[in-house]
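Me: Please take me through the strand pairing and helix packing of this structure, step by step.

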Amino acid sequence: MYLVYMGESGDTGNSVSDPNQKHHVHVGLLVQEQQCISINGEFNALCRRHFGNPLGESGTPKELRPGDVYQGTGFFNSWLPDKRAELIQDCLSILVRREIPGIVAYINKQEFSEAKARADSPYAYLGSPSEITISKFLMALNLFVDEANITGVAPERIMEEDLPVRDYSLVVAGQGKSVDPRFMNQYLQSQIEIPSPAVLENFCYVSPEHSVCTQLANMCSYFVRRWLENPTGTNTYYEALQEGRVIQVIYPVQFY
């Protein structure tokens, strides 16, 4: 089974006017369940190396917030840039070495606002930018697991209705974030064709401080958003994720 750990960056709720967060990004890391133990072990080892203790213990933060680590704020306000960079590189290396696939869905908030304001707009009912972005993410996830499940199937059997499902997927989101349970129902009801039965129809919620992979997904989302805000600038960490085959699929929300 794939455990699809969702991270996000740029969540400003219903507000779309923050000039420093023009995009809302969701990233889902598709982690095979047997990989979780080794990922957790490696993450805890790097935390001991950098902090002296696992996260949440004395002298450590409860979780790694990517903005704080990158910008040197919060817990990391006394850390030198090189020390923070080493921590980020160690975290991303966990994903790159395993080539953990990531699915990206994002929205430009200004385009979202303009689309909602059009006369007779089909988007007027939407609340936060996350609502339509989650739908785009679920569509991409369905395509991914469908493709994974037909890999190795004989060409003459691909159109059969009873193909076996070898890999299921469960979406794991962080508590208190903008992945609302009703978004799954909205997505399922909007589909003309039945989505892949390999994608389980409920979200699972785990707070980032209790989920290593959610923290790593948040870190990926943060660097994807920084790339979107300044695609011609220096985006070393985003490029490392892309070249390391972590960022494999990118779906923008487009309005017509």
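Me: In which sense do strand E1 (residues 2-9) and E4 pair, and which residue in E4 stands opposite tyrosine 2?
Reply: This is a predicted model. E1 and E4 are joined over four bridges, in the parallel sense. Within this pairing, the residue of E4 that tyrosine 2 faces is serine 169.

Me: In E5, which residue is the bridge partner of alanine 173?
Reply: E4 also pairs with E5, in the parallel sense and over four bridges. In E5, alanine 173 has as its bridge partner tyrosine 205.

Me: How many of the residues of strand E4 (residues 169-173) are buried?
Reply: Buried here means under 20% relative accessible area. On one side of E4, Ser169, Val171 and Ala173 are buried, and on the other side Leu170 and Val172 are buried, so that by this cut-off both faces are covered. The number of buried residues in E4 is therefore five of five.

Me: Which strands stand at the edges of the sheet?
Reply: The sheet is open and has six strands with mixed pairing, in the order E5-E4-E1-E2-E3-E6. An edge strand has a single partner strand, so one of its sides is left without a neighbour in the sheet. The strands in this position are E5 (199-205) and E6 (247-252).

Me: In E3, which residue is the bridge partner of valine 25?
Reply: Strand E2 (residues 23-32) pairs with strand E3 (residues 102-108) over seven bridges, in the antiparallel sense. In E3, valine 25 is bridged to tyrosine 106.

Me: How are helices H1 and H7 oriented to each other?
Reply: The axes of H1 (residues 36-51) and H7 (residues 212-229) come within 9 Å and cross at roughly 75°. Angles of 65 to 115 degrees count as roughly perpendicular. H1 and H7 are therefore roughly perpendicular.

Me: By class, which residues make up the contact of H1 with H7?
Reply: H1 contributes Ile39, Asn40 and Phe43, which meet Val212, Cys213, Gln215 and Leu216 in H7. By class, the contact has no charged residues, two polar and five nonpolar.

Me: Why do the buried residues of H8 line one face of the helix, and what covers them?
Reply: In helix H8 (residues 236-243), the buried residues are Tyr237, Tyr238 and Leu241. Seen down the axis of H8, these residues fall within an arc of 100°, so they line one face. Their cover includes helix H2 (66-71), helix H3 (81-98), H7 and E6.

Technical notes:
Residues are numbered from 1 along each chain as its sequence is written. This is a predicted model: local features need pLDDT of at least 70, side-chain atom pairs count only at pLDDT 80 or more; totals for chains, interfaces and linings use all residues. Side-chain values use heavy atoms; hydrogens and water are left out. Axes are lines fitted to C-alpha atoms, for helices over the stretch in contact, and angles run from 0 to 180 degrees between N-to-C directions. Helices (H or I, at least four residues) and strands (E, at least two) are DSSP runs, numbered from the N terminus. Angles under 35 degrees count as roughly parallel, over 145 as roughly antiparallel, 65 to 115 as roughly perpendicular and the rest as oblique. Contact means heavy atoms within 4.5 Å. Ala, Val, Leu, Ile, Met, Phe, Trp, Tyr, Cys and Pro count as nonpolar, Asp, Glu, Lys and Arg as charged, and the others, Gly among them, as polar. Two strands pair if DSSP finds at least two bridges between them. Buried means under 20% relative accessible area, exposed over 50%, partly exposed in between (1.4 Å probe, protein chains only). The arc is that of the directions from the helix axis to the C-beta atoms.
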